Structure formats: structure tokens, C-alpha cells
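Visitor: I'd like to learn how to read helix faces and ring pairs in a protein model. Could you walk me through it?

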Amino acid sequence: MTMVATEIEKRNEVEVKTPVKITGSEVLLRCLVEEKVQHIFGYPGGAIMPVYDALYSYADKLTHLLVRHEQGAIHAAQGYARVSGKTGVVFATSGPGATNLVTGLADALIDSTPVVCITGQVFAHLLGTDAFQEIDVINTTLPVTKWNVQVTEAKDIAPAIAKAFYIASSGRPGPVLVDITKNAQNELIEESTYAPCTSVRTYKPKPVLQPEQITAAAGLINSAKRPYLLVGQGILLSGATKELIAFAEKTGIPVASTLLGLGGFPTDHPNYVGYLGMHGNYGPNINTNQCDVLIAVGMRFDDRVTGNVSKYAKQAKIVHIDIDKAEINKIIKTDVSVHADAKEALVELTKQCLPSKFPDWTESFRKLNQEEFEKVVEKEIKDTKSLKMAEVVYMLSQLTKGEAVVVTDVGQHQMVTSRYYQYKNPRTNITSGGAGTMGFALPAALGAKVAAPHQQVVAIIGDGGYQMTIQELGTIMQYKIPVKILILNNNFLGMVRQWQQLFHGKRYSFTEMDNPDFVKIADAYKIPGAKVTEQKDLEEALKKMLAAETSYFLEVVVEKEDNVFPMVPAGAGVSEVILEIPNK
């Protein structure tokens, strides 16, 4: 071998061994690819600019959607996560970019939605100096995240991202925030193999099922004469719909759903008796205080479900199944607690429970709900004098056969939709539950449509909440997202107005709204639309909306002082639910 050839070989050997260095920003993007992220909702700014610069070269691997406000980004990620079951991902810059995420973080935390938010931060050496757009995002978001962390060196980015995805999606899901300083984004480090996180010391997301708890629960259920099953979003999060149906069919127990649990049990199933809560069905509320064994699965006994706790199910033995130990005995004292994943618990419980039927008990729900139908439902869906919210939602449910993904905002329209839309499938009811966030629906709907491009996605929104995030029409326009937007316009902040009418002597203090021409605004965003003011035009307008291949906007002007009944008044027990405005 010649001396020249030997030298060339040596140089090649050196070149092979020279480690490749990449920026912290590219490390981050490689982590997201490894976590099988497909979509990111975000808004760039100075402190996260290096990440966006790196993102420019990742267009074939990661799809980024530019929203019009950071709150829109996180709500879109929530809608995406709730429909897909995956973790939503958000990018935002420092300072106001990060703080604009706080409302969505709070919403995601209380509603158990897996989201990973990645925020840019000022250079590490500027931390604590009140630098431009520096805000202590870690302490700001600590109460509204499942976990958060600040990264100041590039070497810590990959472990933080791995841990973030694991924590966000495991156990009871929730939002996580990773704050990355600009120097860490710019810093060059050697590329390395990504290591997904599979465990965190002291964090046990999935409890080990305790057989004695199942046996104790089965004992109570097998001896019950009037058992009653309340199901929440835990059914959906654990993917336990089939197991729930099997359990209900074997035991013959009537099933009622919380707001976030809708879709977890088919509304056309013979065991289904209705929707729970302040504006829930009459039978489910009344019979809460008539059952002898109450089995709660994947629900947290929210005050909107229990009403006055001192009057709640005092006659019943309580079985509570939940993956989050903190929820057990927090609100309602249990007789048997099952700290477990809902699916695992239902599988084992079904084995130990005896086949049974409760025809008289189940019939009592039917009779009470028939009373509600005669006094409330029939009048609302067949009112010939004015357009009512219930009529619109009921017709939409029929036209879509209860199979659309329905995204609601917060207010009267939300309660009406929960009552009148007949959800047939899991992960089709997307709403803001615990936080009650107005402005949620429009961005959440676009996120839901991105997650489920082949499903019909309809956002049902009140005129108040719509205007809180109306700018996301720009996102829908830019990315041609074919989501359907249905506005129920009563020119009021309707839910507040209802309370003012019933409990504040009709003093409508700052709840009436002068609204713009919504159809013209939609047109400005190149979204076709229409407005309905008469009943005779409703069905055709809804059909046209649903048939549209593009996004579509439909405004339905409904009765201004339309109220939602039944209603459990503030301070009342669930059995004190009213069907109409009380006589005074």
C-alpha cells in the first residue's frame, strides 16, 4: 500500500469518527418525530425563533398550523387530543405567548387532556433580570400543569421531552409544559439516540388492581335491589366502552352519563337512562336519591353532578372506581373504593357480578323521563311559535344519526347539546367541562377536524363564546379546514341571563349583546355561510351545512329568553330538580 493511500485512509477514519453536532432546536424536533407527533399548533416569537428556524427543514415530518392566538393553539391541541387519543402539541414564545396558554392549561388539567406545551424562554443568563418578554412561566403554570420544567442546556432537552410525553399521556392524562431557554435552543451538542421515558421514580400512573376491592364491590352490587351506574370521562380515557357495555348488559344496571362521559355509552342502548347534572335528565337526577347502590366509574362527583352534597345519595352504598386516588373520598364518602384503571376494573368486576335484571327499577327512570318529555322536551322540539335551541340540536342529531364529532363551547347551547344530541360513539363529544372555558369550541373544533379529517365535525357555539376566539377563522381559512360552525344566537350571554331571570328578579345586568353581522365576517374569511331566522328554513340550512365539502358557517337566531330545563337550582339537592320556572 502506498503512503498516499494510507494517509487517505487515515483521514477517512478520522472523518467517520468525528461526532455530528446539532442544535438544541433540532434535538427537540427529532424528539417530536420519535414520539410520532404529526401536528403542532403554535405561534412564533423571538424566544422560540431558533425552534421555528429548525422547523423550516422539517416540513416533510411535522405539520405546523399557525393559529391566531396562543389560547387558540392549546384549545386546538385539546380538540386534537380528545378526538385522537394522542397527545396534543403546542409551541409558544416567552412572556405573553406563554401566559396566553394558561387558560387552556387549566382547562386541560381539570378535564384530563394530554397536551405538551413547549415555550421559548429568554437566554439563561437573563433569567431573573426582567428581560424583554421574560416571565417566570414555571411558577405561573405550576398550578395548572400536571408537570412542568425549565431547560437551560441543550443536553437536557431530550430527557425533558421524553418525560413530558410520558407524564402527559399516562395514568390520568393532563397538560405538561417544557420551557426552553434560547441559549439551549442554539447550543450545539452531539446527536444521540432518543430514549423514550417509560417510568419516573415516585410516579405510579397506573395502580395495581387489588382483588379484594373488586370482591367487595361485587358483593355490594350482587345484593343490590336498585343499583345505579354513573359513568364519566374515565371510560373514554381508558378505552373501556366495550367493557362498560358488557358489564351493564350482564348486570342489567341502568347507566347515566356525566357531561364529559357522553359518548362513552351509546345513548340508544336499552340500559341508558340519560344525562346527569344541573341540566341533566329528570330520571337520572331524581333516582340518584332512590338507588340503594351507586357505582361511579371514572367520574369525580363534580358539584354540577351532585348539587348540594349534604343531600346527595344519603340512602345509598357508594362504590367509586377511579385511576386517581385523590378523587376517591374527596367529595363523596365511599363504602368501597376501587383505585384502578376503569377498563381493568370493569373486566374483573364483570366476572364476579351475577347476571341480573331490574325491570321495575329501570322502568322508574322511563316514567320520570316521560314526564320530562311531556313537560319540557316535546314543547322545545315542536314549538311552532319560535326557533328554540333544542329544536336545532335535535334536528342536527337526527340528520347526522348521532355520529358526528360535536364540539361545544360553554353556556346554554352546551347544556342543550348535551341533552338533545344522541351520541353513539366514543370521543365524539368535545367540550370544556370543569373549567367552563368560553372560547373553547372554535379552536378545539379545528383541532378535532385535523385529528379526524374523514369525520363530520360540527362546532356548536353561542354568540358570546364565539366572539372570544373568532380570530381562529383565520386558521380555518389558511389551512382550508372543513369544519362546520353552527352559532345559536340569542343576543344574550344566555346562561347568565337565565340565572338573572330565575334568581335575580330579571335584572339583566350586562348580559344583552349587540352582535355584528356574523355571515359577513365568515365571508371575509372566505367561509361560505347563511343565516336562519325561521323554522321553515332550518332543516334545509342544516342539510346544506352538512353537505358542504369546505368549512361552512350557519347562524341560527333562536328565542332570546329561551331557558334550559330541567335545572337543579343552586344549593338544591339533585332530587329537587325543577322542570319549569317555579310559580312565585
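Guide: We'll take a helix, then some aromatic rings, in this predicted model.

Visitor: Which residues of helix α24 are buried?

Guide: Start with the general idea: an α-helix has 3.6 residues a turn, so residues three or four places apart point the same way. Here, α24 spans residues 538–547, and its buried residues are Leu538, Ala541, Leu542, Met545 and Leu546. Looking down the axis of α24, they fall within an arc of 130 degrees, so they line one face of the helix. Glu540, Lys544 and Ala547, on the other side of α24, are exposed.

Visitor: What do the buried residues of α24 pack against?

Guide: They pack against α17 (389–400) plus four strands: β17 (457–462), β18 (484–489), β19 (529–532) and β20 (552–557).

Visitor: Now the rings. How many aromatic pairs are there?

Guide: The count comes to 14 aromatic pairs. To read one, check the centre distance and the angle between planes; over 60 degrees counts as edge-to-face, under 30 as stacked. Tyr52 and Phe91 have ring centres 5.9 Å apart and planes at 75 degrees, so this pair is edge-to-face. It links distant parts of the chain, with Tyr52 in helix α3 and Phe91 in strand β4, 39 residues apart. By contrast, Phe265 and Tyr272 are stacked, at 6.4 Å centre to centre with 25 degrees between the planes. Both Phe265 and Tyr272 are buried.

Visitor: Which residues do ring pairs link into a cluster?

Guide: Tyr228, Trp361 and Phe365.

Visitor: And which residue lies over the face of Tyr58?

Guide: That's Lys61, at 5.4 Å from the ring centre. Likewise, Arg497 lies over the face of Phe492, at 5.7 Å from the ring centre.

Definitions and conventions. Residues are numbered from 1 along each chain as its sequence is written. This is a predicted model: local features need pLDDT of at least 70, side-chain atom pairs count only at pLDDT 80 or more; totals for chains, interfaces and linings use all residues. Side-chain values use heavy atoms; hydrogens and water are left out. Buried means under 20% relative accessible area, exposed over 50%, partly exposed in between (1.4 Å probe, protein chains only). Helices (H or I, at least four residues) and strands (E, at least two) are DSSP runs, numbered from the N terminus. The arc is that of the directions from the helix axis to the C-beta atoms. Contact means heavy atoms within 4.5 Å. Rings of Phe, Tyr and Trp (its six-membered ring) pair if their centres lie within 6.5 Å; planes under 30 degrees apart count as stacked, over 60 as edge-to-face and the rest as tilted. A charge sits over a ring if NZ of Lys or CZ of Arg is within 6 Å of the ring centre and within 35 degrees of the ring normal.
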